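Dear colleague,

I am passing on the structure we spoke about, together with some notes on what was found in it. Please keep it open beside this message as you read.

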Amino acid sequence: MTNESNQARRDFLKTSGLLTGSALLGSLPFQAIATAKPGYHFSVNDTIKVALIGCGGRGTGAAQQALNTKQNVKIVAMADAYRDRLDDSYKALTERGLKAADGTPKVDVPEDHKFVGFDAYKQAMALADVVILATPPGFRPSHFEEAVRQNKQIFMEKPVATDAPGIRRVLAAAEEAKKKKLNVVVGLQRRYQPSYREMIKRIHDGALGDIVGGQVYWISGGVWQKPRKPNQTEMDYQMRNWYYFNWLCGDHINEQHVHNIDVANWVKNSYPVSCQGTGGRQVRTGKDYGEIFDHHIVDYVYADGTTINSQCRHYEGTYSRVDEMFLGTKGKVEGMEKKSSALLGYNGQPIYTHNAKTDGNPYQIEHDELFEAIAKGEYKFADAERVAKSTMTAIMGRMATYSGKVVKWDEALNSQIDLFPATLAWDAMPKSLPDANRLYAIAVPGKTVTV
Ligand SMILES: NC(=O)c1ccc[n+]([C@@H]2O[C@H](COP(=O)([O-])OP(=O)(O)OC[C@H]3O[C@@H](n4cnc5c(N)ncnc54)[C@H](O)[C@@H]3O)[C@@H](O)[C@H]2O)c1
């Protein structure tokens with residue numbers, strides 16, 4: 001390590017030290033933190049300290065992937081809204097008994113580095129160099145802002161917001177992250193999947209000619225639901241069932257289908273200028289399913305006049321398909337995630353075949369590339385802006401299916417409709433509340449205003 005890098009690391013640690021007093025958090029002026037050096041590491045022998053924010057299924061998985069990288073990574077802090085979720089995750093992470101080269105545990109989270117509640121994220125972040133943000137997406141704008149404010153390297157899950165005000169916050173923080181040269185990787189893992197990377201590079205080089213149409217799908221059986229408990233507050237019920245509430249999830253067109261919508265934007269190398277669509281609740285009706293639809297079909301129109309159709313639905317016991325298909329003037333492609341897939345000419349001859357049999361796991365590649373960059377002190381990843389725009393594309397689709405109107409990009413992005421509760425507390429009220437029969441208001445196309 002050079003003297004200069006030693007000094008930079010000492011500066012960084014000094015700054016982190018400043019931040020560990022949780023009482024100071026939030027009261028520290030932005031400027032004081034903004035002038036700190038980014039937390040780059042300069043040798044693989046350095047420990048890269050990670051805080052996990054949102055210790056559910058994906059957060060725990062992402063933490064495992066961070067630990068699996070070649071770098072000397074340690075999980076040093078954890079934060080969750082709920083103690084039971086944090087404990088389950090800690091158990092899963094420590095089960096493997098992973099040790100660093102010096103024999104110390106790679107999951108090193110003492111009791112006073114475990115934080116619970118709505119503000120827990122700030123304290124956990126302050127203890128780390130890298131943060132993993134894996135709560136429900138409604139919290140992503142505020143958590144991402146805080147991570148940038150505290151100069152952290154960031155892995156965050158998709159989608160990155162649930163409404164337009166949230167997207168604007170993420171776009172602003174993404175700018176700030178670029179200025180500070182903070183690496184930001186976002187978990188749209190197809191962007192890190194070799195088959196997609198190779199095939200879309202060739203599509204951009206003209207292998208299929210101009211892309212004139214396409215279809216993207218997430219049609220599947222749906223997800224978990226947690227029964228309401230006696231005496232549960234409304235906030236607790238919605239938090240435990242976050243999937244079914246728009247302020248937390250943004251509907252499944254946002255939560256899941258953003259993956260495929262992002263592939264459409266990637267292939268088109270742009271974002272749609274408008275969309276219209278249809279959707280509703282056909283099979284997943286009733287009081288256990290909050291306010292989201294169970295199907296959405298959206299036509300996304302791009303500036304060159306081409307349309308990509310998007311289809312997502314949650315119907316148990318029906319045909320499933322999660323992939324994308326694109327038609328070019330010279331050929332077509334579908335199933336880019338398959339073990340072997342091809343760009344095909346209309347004569348049936350392959351233009352390019354990708355054999356993915358030895359390709360790595362894209363979830364792991366995201367972390368391998370991020371932690372390698374951090375260890376080398378490189379600034380390589382700035383995913384937040386494009387994921388914010390793909391998340392906006394999904395939200396715009398929801399605006400179209402809920403309202404039944406044509407929605408234009410600019411009006412969608414500038415929408416002032418803010419879904420987030422005025423106050424975050426276990427006894428505070430979210431904006432969507434059930435009626436006396438415990439049913440939530442469902443959007444009615446033609447009547448519901450979404451922009
Ligand atoms: N890239 C992928 O393929 C992929 C796969 C699954 C999930 N995800 C994304 O990961 C995120 C989490 O999904 P999941 O399946 O792990 O959900 P989950 O419910 O299993 O985990 C979410 C966790 O966040 C916690 N949490 C909620 N609000 C919090 C807050 N304000 N502060 C701290 N913790 C809070 C919850 O208690 C829970 O433990 C979502 O954005 C989801 O879309 C991505």
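A residue counts here as lining a pocket when one of its atoms lies within 4 Å of a point of that pocket, and the helices and strands are DSSP runs numbered from the N terminus. Please bear in mind throughout that this is a predicted model.

**Pockets**

With that meaning of lining, helix 3 gives the most to the lining of the largest pocket, namely three residues. The volume of this pocket is about 950 Å³, and among the 48 residues that line it, G57, R58, G59, A134 and W242 are the closest to its centre. At least two lining residues come from each of helix 3 (57-68), strand 2 (73-80), helix 5 (120-126), helix 6 (140-149), helix 9 (234-240) and helix 12 (362-375). Sorted by class, the lining of the largest pocket holds 20 nonpolar, 14 polar and 14 charged residues.

The second largest pocket holds about 410 Å³ of space. Its lining is made of 20 residues, with N246, E291, Y402, I417 and L419 nearest the centre, and helix 13 (residues 384-403) supplies the largest share of that lining, four residues. By class, eleven of the lining residues of the second largest pocket are nonpolar, five are polar and four are charged.

**The nine-stranded sheet**

Nine strands make up an open sheet of mixed pairing, and their order is 14-13-12-11-7-10-9-8-15. Strand 14 (350-355) and strand 15 (407-408) are at the edges and have a single partner strand each, so one side of each has no neighbour in the sheet. Helix 8 (residues 194-204) packs on this sheet, where it touches strand 7 (211-220), strand 11 (321-328), strand 12 (331-334), strand 13 and strand 14, and its direction makes about 160° with that of strand 14. Helix 13, which also supplies residues to the lining of the second largest pocket, packs on the sheet as well, touching strand 8 (274-280), strand 9 (295-301) and strand 15, and its direction makes about 115° with that of strand 9.

It may help to follow the pairing from strand 11 towards the edge at strand 14. Strand 11 and strand 12 are antiparallel and share three bridges, one of which can be located by M325, whose bridge partner in strand 12 is E334; a hairpin with two residues between the strands connects them. Strand 12 is in turn joined to strand 13 by three bridges, again in the antiparallel sense, and here G331 has G345 of strand 13 as its bridge partner. The hairpin of strand 12 and strand 13 has five residues between the strands, and within it G335 takes a positive phi near 65°. Strand 13 (residues 340-345) and strand 14 then pair over five bridges, also antiparallel, with T353 of strand 14 as the bridge partner of A342.

In a regular strand the side chains alternate between the two faces of the sheet. Strand 12 shows such an alternation, in that G331 and V333 point to one face and are buried, whereas K332 and E334 point to the other face and are not buried.

**Helix 6 and the residue after it**

Helix 6, which is among the elements that supply lining residues to the largest pocket, is mostly covered, with nine of its ten residues buried. The buried residues include R140, H143, E146 and R149, along with F144 and V148.

Just after helix 6 comes N151, in the loop that leads to strand 5. Although N151 is not a glycine, its phi is positive, at about 60°. N151 has a relative accessibility of 3%, and since buried means under 20%, N151 counts as buried.

**Other backbone points to check**

Most residues other than glycine have a negative phi, and most peptide bonds are trans. Besides N151, a positive phi in a residue other than glycine is found at N269, with a value near 55°. N269 lies in the loop between helix 11 (258-268) and strand 8, and at 60% relative accessibility N269 counts as exposed.

Lastly, the peptide bond from K158 to P159 is cis, with omega near -25°, and P159 is located in the loop between strand 5 (153-156) and helix 7 (164-179).

With best wishes

Technical notes
Residues are numbered from 1 along each chain as its sequence is written. This is a predicted model: local features need pLDDT of at least 70, side-chain atom pairs count only at pLDDT 80 or more; totals for chains, interfaces and linings use all residues. Side-chain values use heavy atoms; hydrogens and water are left out. On a 1 Å grid over the protein atoms alone, a cavity is a set of points where a 1.4 Å probe fits but cannot get out, and a pocket is an open set with protein on both sides within 12 Å along at least five of seven lines; lining residues have an atom within 4 Å of a point. Grid points are joined across faces, edges and corners, and a volume is the space filled by probe spheres set on the points. Ala, Val, Leu, Ile, Met, Phe, Trp, Tyr, Cys and Pro count as nonpolar, Asp, Glu, Lys and Arg as charged, and the others, Gly among them, as polar. Two strands pair if DSSP finds at least two bridges between them. Contact means heavy atoms within 4.5 Å. Axes are lines fitted to C-alpha atoms, for helices over the stretch in contact, and angles run from 0 to 180 degrees between N-to-C directions. Buried means under 20% relative accessible area, exposed over 50%, partly exposed in between (1.4 Å probe, protein chains only).
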